[in-house]
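This report walks through a single chain, looking at its helices, its aromatic rings and its charged side chains in turn. Please keep the sequence and the structure in view while reading.

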Amino acid sequence: MKPELKLHKEVAEYLQEFYPSVYFLSDPSGLRVSMHTARILKATSSSHSHLDVVVLRKSRQFSFLIIELKSDTPYKQNGELKSNEHLESQKLSMDMLEAEGALTMFAWSIGQVKDILHNYLGQPVTKNEPLFP
């Protein structure tokens, strides 16, 4: 399994287990699918660059959360985004969504994603806590 796909699966499983009341979407466009399915996905999706995980929960400061998953850092050592058409297109989508009230982040490890989720959603629920506060 490719590293980014593995991370994507880990993130979905983590959200399902520890934030069961949170509605999230996980973009399937990076998965290997038949040409027929790929055409359907393209025809029924936004023309903007797709981003991996959308968490539809408001915070005090943001309307929703977007996490773009990568297999490695998308940043150069000086902190700038690497020069790459795909990354730049994703960043444009992220900027557009930030203007709509989103918090958008790149992440390339499950530890980073957990930190982002904990900061945005609060600590994960335990098995004894109610799902819907």
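Rings of Phe, Tyr and Trp, the last represented by its six-membered ring, are said to pair if their centres lie within 6.5 Å. In this model, which is predicted, ring pairs link Tyr14, Phe18 and Tyr19 into a cluster. By this rule the count of aromatic pairs comes to 4. One of these is the pair of tyrosine 14 and phenylalanine 18, whose centres are 4.8 Å apart and whose planes make an angle of 40 degrees, so that the pair is classed as tilted, because that word covers planes that are neither under 30 degrees apart nor over 60.

**Helix α1 and its rings**

Both tyrosine 14 and phenylalanine 18 belong to helix α1, where a spacing of 4 residues puts them about one turn of the helix apart. How do the two residues compare with the cut-offs for burial? Buried means under 20% relative accessible area and exposed means over 50%, with partly exposed in between. Tyrosine 14, at 10% relative accessibility, therefore counts as buried, whereas phenylalanine 18, at 27%, counts as partly exposed.

The helix itself has 16 residues, and the distance from its first C-alpha to its last is 22 Å, close to the 22 Å expected at 1.5 Å a residue. Its buried residues include Leu7, His8, Val11, Ala12, Tyr14 and Leu15. When α1 is seen down its axis, the buried residues fall within an arc of 160 degrees, so they line one face of the helix.

After α1 (3-18) comes a loop that leads to β1 (24-26), and tyrosine 23 is found in this loop. With a relative accessible area of 54%, tyrosine 23 is exposed. Together with Leu25 and Leu56, Tyr23 forms a nonpolar patch on the surface, and the accessible area of the three together is about 310 Å².

**Salt bridges**

A salt bridge here is a side-chain nitrogen of Lys or Arg within 4 Å of a carboxyl oxygen of Asp or Glu, and by this rule the count comes to 5. The table presents three examples, giving for each the distance between nitrogen and oxygen and the relative accessible area of both partners.

| Lysine | Acidic partner | N to O distance |
|---|---|---|
| Lysine 9 (45%, partly exposed) | Glutamate 13 (38%, partly exposed) | 3.0 Å |
| Lysine 70 (9%, buried) | Glutamate 68 (1%, buried) | 3.4 Å |
| Lysine 91 (30%, partly exposed) | Aspartate 95 (35%, partly exposed) | 2.7 Å |

Which position along the helix separates the partners of the bridge in α1? Lysine 9 and glutamate 13 are 4 residues apart in helix α1, so about one helical turn separates them. Lysine 91 and aspartate 95 are likewise 4 residues apart, in helix α3 (residues 85-99), and are therefore separated by about one helical turn. For the bridge between lysine 70 and glutamate 68, the accessible areas place lysine 70 among buried residues, at 9%, and glutamate 68 is buried as well, at 1%.

**Helix α3**

The 15 residues of α3 should span 21 Å at 1.5 Å a residue, and this agrees with the 21 Å between its end C-alpha atoms. Which residues of α3 are buried? They are Leu87, Gln90, Ser93, Met94 and Leu97. Seen down the axis of α3, its buried residues fall within an arc of 120 degrees, so they line one face of the helix. On the other side of α3, in turn, Glu85, Leu92 and Ala99 are exposed.

Serine 89 is also found in helix α3, and with a relative accessible area of 28% serine 89 is partly exposed. Although serine 89 and histidine 50 are 39 residues apart along the chain, their C-alpha atoms are separated by 9.1 Å.

**A residue of helix α2**

Alanine 43 lies in helix α2 (residues 35-43), and at 65% relative accessibility alanine 43 counts as exposed. How far is the C-alpha atom of alanine 43 from that of leucine 97? The two C-alpha atoms are separated by 21 Å, while the residues themselves are 54 residues apart along the chain.

Notes
Residues numbered from 1 in each chain as written. Predicted model: local features only at pLDDT ≥ 70, side-chain atom pairs only at ≥ 80, totals over all residues. Heavy atoms only, no water. Patch = residues over 30% accessible without salt bridge, like charges linked within 9 Å, V, L, I, M, F, W, Y side chains within 5 Å. Areas by Shrake-Rupley, 256 points an atom, 1.4 Å probe, with all protein chains shown as cover. Helix = DSSP H or I, 4+ residues; strand = E, 2+ residues; numbered from the N terminus. Buried < 20%, exposed > 50% of the residue type's maximum accessible area, 1.4 Å probe, protein only. Expected span 1.5 Å × (residues − 1). Arc of directions from axis to C-beta.
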